[in-house]
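Hi everyone, thanks for coming. Let me put the structure up on the screen, and then we can walk through it together.

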Amino acid sequence: MRQLFRASHPTLRARLTLVYGALFLLAGLTLLAVTYLLFNQQLAQSFGSRYGVAGDRPTRLAIVSPGGYMLQGDDALHWLQAQEAELREAAVTSLLTQGAVALGVVGVVAAALGWVVAGRMLAPLRLVTATARRIAAAPAADRGLHERIALRGPVDEVKELADTFDTMVERLDHSFDGQRRFVANASHELRTPLTLNRALVELAMHRTSASADVKRLGESLLEINARHERLISGLLLLARADHEIGDRSPVDLADVVAHVVAQAAPEAEQARVIVHEAAFPAPAGGDAMLLERMVHNLVENGIRHNTGDGAGWVRVASRTSPGGGAEVEVSNSGPAVPPYEIAALFKPFHRLGEERMVTGRSAGLGLSIVRSVARAHGGDVTARPREGGGLVVTVTLPALSG
């Protein structure tokens with residue numbers, strides 16, 4: 001029944017089967033009605049030509065009834081007409097009854113054959129639907145675009161639909177690849193002038209003739225240059241993380257967490273934030289550098305978006321998930337985050353309560369990179385507001401396959 005009706009609406013296969021059955025039933029009823037009329041007319045002509053009709057009755061008709069009585073003239077004719085009516089009624093009843101039974105049996109068989117034929121005709125459409133669902137279920141918009149239907153068979157409407165779908169997906173795939181290459185190439189090309197700018201500014205600042213104003217200006221320019229470098233590094237990493245990881249190495253997220261917490265200690269001390277570590281074994285597979293950057297972004301995000309009053313904290317934990325995979329959870333104190341803002345935090349260049357500008361210490365790519373790295377490893381990331389302020393971000397990665 002679930003195949004016939006979905007969400008209270010019949011499927012296309014069920015509707016086609018009903019149409020086939022209804023057309024066959026209508027044709028069968030028409031045929032039965034025409035047969036009845038022709039049969040009834042033929043009986044009337046046969047009996048009328050043999051025994052005569054009113055106004056043309058035989059005068060010397062004589063028969064012996066089954067009871068042994070001799071019937072002549074009108075009596076014989078009436079008896080024959082009564083037998084004729086009885087025989088006609090029996091024949092017509094037999095025709096209608098057996099025809100209806102035959103029509104019902106053949107109708108059921110026709111409906112079953114219609115169901116099979118409709119299924120075979122709609123099989124290519126199910127293939128198109130399955131491919132579209134796999135692409136739509138991909139963790140990122142450009143994942144799964146390598147899927148193709150590649151339908152084989154005669155060139156008909158369904159084949160044209162499948163080929164058009166393949167062409168559309170192929171163009172989208174090329175478009176996303178071109179976009180990633182552009183971001184990577186543009187970011188790479190921008191590194192050279194920024195490096196040159198930093199060198200020139202440092203050279204001007206370290207001259208013996210440099211005044212205090214020049215040094216202050218140089219420090220401001222170096223800070224702006226560093227922000228741009230962080231932005232370009234984030235874009236390069238984001239472009240790299242958008243590709244699924246093919247060659248995976250065993251990585252224990254507990255080691256990654258311990259290393260990242262040690263690296264973030266100076267920044268946490270400067271921000272007066274206490275970092276708590278709860279690193280339990282969490283074996284996973286993937287790119288160690290990308291996984292380290294993922295955890296680093298989470299910890300850095302927790303430190304920078306905190307209370308700022310000296311009582312802030314960040315808790316970093318790694319563990320094995322119930323499904324056998326690996327999990328990293330980073331929670332922190334901080335300002336309250338509205339639930340409707342959670343999804344927007346994972347968008348590039350979006351920061352809570354700030355404009356889309358590179359004016360802060362980050363470029364707004366932290367959580368975007370976290371999500372891209374997690375999905376490149378076949379996992380996912382979720383976030384929820386913490387009661388009392390702050391966020392709880394959980395990254396789940398699949399189990400390490402042998």
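Let's start at the hairpin of strand 8 and strand 9, where 5 residues sit between the strands and Gly-324 takes a positive phi near 95°. This is a predicted model, by the way, so please hear everything I say as computed from that model. The two strands of the hairpin run antiparallel, and 7 bridges join strand 8 to strand 9. If you want one pair to look for on the screen, Val-314 has Asn-332 of strand 9 as its bridge partner.

Stay with strand 9, residues 326–332, for a moment. It has a second partner: strand 11 runs antiparallel to strand 9, with 6 bridges joining them. There, Ala-326 stands opposite Leu-397 in strand 11.

So, how many of the residues of strand 9 are buried? The count is 7 of 7, so the strand is largely enclosed by the rest of the structure. Both of its faces are covered. On one side you find Ala-326, Val-328, Val-330 and Asn-332, and on the other Glu-327, Glu-329 and Ser-331, every one of them buried.

Now let's go to the cavity. The structure holds 1 cavity of 30 Å³ or more, and the space inside is about 40 Å³. Which residues line it? They are Leu-298, Asn-301, Gly-302, Val-330, Asn-332, Leu-367, Leu-391 and Val-393. Helix 6, strand 9 and strand 11 are the elements that each give two or more residues to this lining, and helix 6 gives the most, with 3 residues. By class, the lining has 5 nonpolar and 3 polar residues, and no charged ones.

Two of the names we have just met come back when we look at His-305. This residue is in the loop between helix 6, residues 288–304, and strand 8, residues 312–320. Is His-305 buried, partly exposed or exposed? Its relative accessibility is 34%, and because buried means under 20% and exposed means over 50%, His-305 counts as partly exposed. Setting aside residues up to four places away in sequence, His-305 touches Asn-332, Ser-333, Gly-334 and Pro-335. Asn-332 is one of the residues that line the cavity. Leu-391, also in the cavity lining, is 86 residues from His-305 in sequence, and their C-alpha atoms are 9.4 Å apart in space.

Let's move back into helix 6, to Asn-297. With a relative accessible area of 4%, Asn-297 is buried. Leaving aside its neighbours within four places in sequence, Asn-297 is in contact with Gly-366, Ile-369 and Val-370.

Those contacts take us to helix 8, residues 366–376. Of its 11 residues, 8 are buried, so helix 8 is largely enclosed by the rest of the structure. The buried ones are Leu-367, Ser-368, Ile-369, Val-370, Ser-372, Val-373, Ala-374 and Ala-376. Just after this helix, Gly-378 takes a positive phi of about 80°.

Next, the nonpolar core. In soluble globular proteins, nonpolar side chains tend to be buried together. Here, the largest nonpolar core has 38 residues, and those with the most contacts inside it are Leu-253, Met-294, Val-295 and Val-395. Helix 5, helix 6, strand 8, strand 9, helix 7, helix 8 and strand 11 each supply at least two residues of this core. There is also a second, separate core of 8 residues, including Ile-135, Ala-162, Phe-165 and Val-169. Going back to Val-295, and again leaving aside neighbours within four places in sequence, its contacts are Val-256, Val-257, Val-260 and Val-328. Val-328 is one of the buried residues of strand 9 that we saw earlier.

One more backbone detail before I zoom out. Most residues other than glycine have a negative phi. Arg-272 has a positive phi, near 55°. You'll find Arg-272 in the loop between helix 5 and strand 6, residues 273–279.

And finally, the whole chain. The protein chain has 8 helices and 11 strands. Buried residues make up 34% of its 402 residues. What share of the contacts with a separation of 6 or more comes from residues 24 or more positions apart? For this chain, the figure is 68%.

That's my tour, and thanks for listening!

Note on methods: Residues numbered from 1 in each chain as written. Predicted model: local features only at pLDDT ≥ 70, side-chain atom pairs only at ≥ 80, totals over all residues. Heavy atoms only, no water. Helix = DSSP H or I, 4+ residues; strand = E, 2+ residues; numbered from the N terminus. Buried < 20%, exposed > 50% of the residue type's maximum accessible area, 1.4 Å probe, protein only. Contact = heavy atoms within 4.5 Å. 1 Å grid on protein atoms, 1.4 Å probe; cavity = no way out; pocket = protein on both sides within 12 Å on 5 of 7 lines; lining within 4 Å. Points joined across faces, edges and corners; volume = space filled by probe spheres on them. Nonpolar A, V, L, I, M, F, W, Y, C, P; charged D, E, K, R; others polar. Pairing = 2+ DSSP bridges. Core = buried A, V, L, I, M, F, W, Y, C linked by side-chain atoms within 4.5 Å.
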